[in-house]
Amino acid sequence: MTGNENHEETYCLIARCLSGDQTAYTELYEKFAAGVYRLCYSLVLNQLDTEDVMQDVFVYAFKNLHRYDRNKSAFKTWLYTIAVSRCRNTYRKKRLPQVDLTQVLHLNLAAPRAETPEARMAQRSVEDALVKALTSLPAMLREAVVLRYGHGLTYREIAEVMDCPPKTAESRVRLAHTHLRKLLKPEAQGLLEELLSF
Amino acid sequence: MIAFRLRYCKRHMVAYINREVSPRIRSRISRYIDQSPACYAEYTRQRDTQRELIGGLSTMGRPSDQQLAQIWVGIERDMSQKSSMPKCGMGAFKLSYGIVALAVLTVLVLPLALGGENVPTTVAQPVLARQVAEVTTPNITEAVATPEAVAVSGEQPMTAQATEHPVNDILPQAAITPSGDA
């Protein structure tokens with residue numbers, strides 16, 4: 001399905017929701033839930049908080065669906081804007097701890113090529129390392145890099161979600177990139193490539 | 001020169017890898033990467049980091065179907081609670097509050113709506129009482145003025161009739177002029 005067809009399908013779902021079709025809400029949720037969940041998890045880095053934020057995001061979005069204007073932004077961008085806003089409230093309240101990354105990311109595990117429990121464990125270790133690396137980033141940089149590399153948003157879309165100029169979004173991605181590059185060890189890089197090649 | 005090239009590469013490398021630079025900058029960085037080992041090392045480092053980030057972030061936090069279903073149950077519950085207004089509770093409270101406000105307004109406005117006759121002039125009465133008092137109790141000094149003094153001053157003596165004006169006919173000006181011009 002092309003991008004335009006995808007957008008049209010979304011707009012049809014929105015129109016059905018606004019006309020009172022309850023099944024359309026379910027379909028809309030199923031279409032975007034996984035992406036929103038991954039985004040929220042990448043920002044708040046906690047499963048329980050992620051579930052709370054997710055619920056909050058979709059309830060708000062469904063209640064305010066009449067306010068969405070397709071001429072201003074794509075529905076995904078609009079939804080992600082709500083999600084980022086809710087995540088910011090959460091980690092402002094919780095104040096995520098800053099982890100000392102000099103003690104982490106010393107990964108030297110052998111990654112078997114087959115899908116084995118050891119491979120899954122290694123993958124989880126890499127994910128944990130990435131979570132810790134993201135925790136060390138300031139919130140703005142974390143948001144920028146997650147939106148860019150985790151969800152493939154353009155700088156214009158990132159700017160819209162984060163409510164900043166596109167150039168600012170670009171520099172935040174670059175700064176996050178630089179920051180994380182110092183923290184991700186070569187061993188972890190090679191390990192991740194092996195895991196992703198399964 | 002080498003330091004300048006490396007600084008230039010570092011500034012634009014992320015955008016270069018993502019093909020987000022102008023043709024002029026792209027050409028320049030490509031040349032630096034070819035000519036400078038330091039720039040080439042910077043390119044490979046940034047490229048590998050980006051690959052790792054993309055790979056890690058695209059899989060991180062992937063929810064299970066069960067998790068999503070559980071969240072959906074919570075969303076449905078929230079939506080159904082907020083969409084239906086309960087008969088008693090906040091809605092009823094607002095309704096009774098409105099009725100009370102309407103009743104108070106009616107009590108205040110009704111006397112005015114009925115007209116002025118039955119309106120107790122609780123504010124005006126003291127003024128009227130004062131006016132009556134001033135008319136019924138004339139200035140003693142003038143009342144006892146001798147006819148000769150009055151004739152000299154040119155004032156008309158106050159007669160009893162002047163004090164017998166009904167309350168309704170008393171004009172505010174009459175109280176001010178003890179000469180009885182009212």
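User: Why is the pairing of B:Glu20 with A:Arg148 called a salt bridge?

Analyst: In this predicted model, the closest N and O atoms of B:Glu20 and A:Arg148 are 2.2 Å apart. The rule asks for a side-chain nitrogen of Lys or Arg within 4 Å of a carboxyl oxygen of Asp or Glu, so the pair qualifies. Across the interface of chain B and chain A, the rule finds 1 salt bridge.

User: Which elements of chain B give two or more residues to the side that touches chain A?

Analyst: They are helix H1 (2-17), helix H3 (37-59) and helix H4 (65-83). H3(B) gives the most, with 15 residues.

User: How many residues does the contact take from each chain, and what area is buried?

Analyst: Chain B contributes 36 residues and chain A 39 residues. Together the two chains bury about 3,600 Å², with 65% of it on carbon and sulfur atoms. B:Glu52, B:Leu57 and B:Met60 supply 21% of the area that chain B buries against chain A, more than any other three residues.

User: What is the make-up by class of the side of chain B that touches chain A?

Analyst: That side has 12 nonpolar, 12 polar and 12 charged residues. The rule also finds 10 residue pairs in polar contact across the interface of chain B and chain A.

User: What makes B:Val100 part of a nonpolar surface patch?

Analyst: B:Val100, B:Val104, B:Leu105, B:Leu108 and B:Val109 make a patch of about 460 Å². Patch members must have over 30% relative accessible area, and nonpolar side chains are joined within 5 Å; B:Val100 is therefore counted as meeting these conditions. B:Val100 lies in helix H5 (residues 90-114) of chain B.

Terms used
Residues are numbered from 1 along each chain as its sequence is written. Chains are lettered from A and ligands numbered from 1 in the order in which they are written. This is a predicted model: local features need pLDDT of at least 70, side-chain atom pairs count only at pLDDT 80 or more; totals for chains, interfaces and linings use all residues. Side-chain values use heavy atoms; hydrogens and water are left out. Contact means heavy atoms within 4.5 Å. Buried area is the accessible area (1.4 Å probe) that two parts lose on being put together, summed over both. A polar contact is a pair of N or O atoms within 3.5 Å; within protein, one must be able to donate a hydrogen and the other to accept it, and residues adjacent in sequence count only if both atoms are side-chain atoms. Helices (H or I, at least four residues) and strands (E, at least two) are DSSP runs, numbered from the N terminus. Ala, Val, Leu, Ile, Met, Phe, Trp, Tyr, Cys and Pro count as nonpolar, Asp, Glu, Lys and Arg as charged, and the others, Gly among them, as polar. Patches are made of residues with over 30% relative accessible area and no salt bridge: like charges are joined within 9 Å, nonpolar side chains (Val, Leu, Ile, Met, Phe, Trp, Tyr) within 5 Å. Accessible areas come from the Shrake-Rupley method with a 1.4 Å probe; for residues, only the protein chains shown count as cover.
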